[in-house]
Amino acid sequence: VQLQASGGGLVQAGGSLRLSCAASGRTGSTYTWGWFRQAPGKEREFVSLISWGSRTDYADSVKDRFTISRDSRKNTVYLQMNSLNPEDTAIYYCAASRLNFVRDSNQYAYWGQGTQVTVSS
């Protein structure tokens, strides 16, 4: 499975961005798709996931502001990010796991290249 993340950019605080993660190769419905982020000097952290059963999960820091969704026909997962603040500045990575509903990044075998999100105050 190959993943290609896109949609990052520079936005002012309070603004919105939508990230996309396009999958190719041996894709199917039995993956959990996750978004993670890593800010400078910080460890990579979980942001959101959508399981193969379409259950979703969010980190507390983004709950009620971010929404994850999936278009199975396009093999694409989206992360709609609203009410962005400077603390959301990071490189965002999409990933796929054969395990169901996992937050642990070590359980994700497939990773995209990352897309930079910068939120100015």
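The torsion about the S-S bond of Cys21 and Cys94 comes out at about 70 degrees, so this disulfide is right-handed. Cys21 sits in strand β3 (residues 17-24) and Cys94 in strand β9 (residues 90-97), so the bond ties together parts that are 73 residues apart in sequence. The model is a predicted one, and in it the two sulfur atoms are 2.2 Å apart. That falls inside the cut-off, since a pair of cysteine sulfur atoms counts as a disulfide within 2.5 Å. Searching the whole structure turns up one disulfide. As for where its two ends sit, both Cys21 and Cys94 are buried. In chemical terms, a disulfide is a covalent bond between the sulfur atoms of two cysteines.

Strand β3, home to Cys21, also belongs to a sheet. Four strands make up this open sheet, running in the order β1-β3-β8-β7, with antiparallel pairing. At the edges are β1 (2-6) and β7 (66-71), each of which pairs on one side only. On average, neighbouring strands here are turned by 15 degrees against each other, if direction is ignored. What holds such strands side by side is backbone hydrogen bonding, and the pairing can be either parallel or antiparallel.

The β7 end of the sheet can be followed down to single residues. Edge strand β7 pairs with β8 (residues 76-81) in the antiparallel sense, over six bridges. Within this pairing, Ile68 has Leu79 of β8 as its bridge partner.

Terms used: Residues are numbered from 1 along each chain as its sequence is written. This is a predicted model: local features need pLDDT of at least 70, side-chain atom pairs count only at pLDDT 80 or more; totals for chains, interfaces and linings use all residues. Side-chain values use heavy atoms; hydrogens and water are left out. Two strands pair if DSSP finds at least two bridges between them. Helices (H or I, at least four residues) and strands (E, at least two) are DSSP runs, numbered from the N terminus. Axes are lines fitted to C-alpha atoms, for helices over the stretch in contact, and angles run from 0 to 180 degrees between N-to-C directions. Buried means under 20% relative accessible area, exposed over 50%, partly exposed in between (1.4 Å probe, protein chains only).
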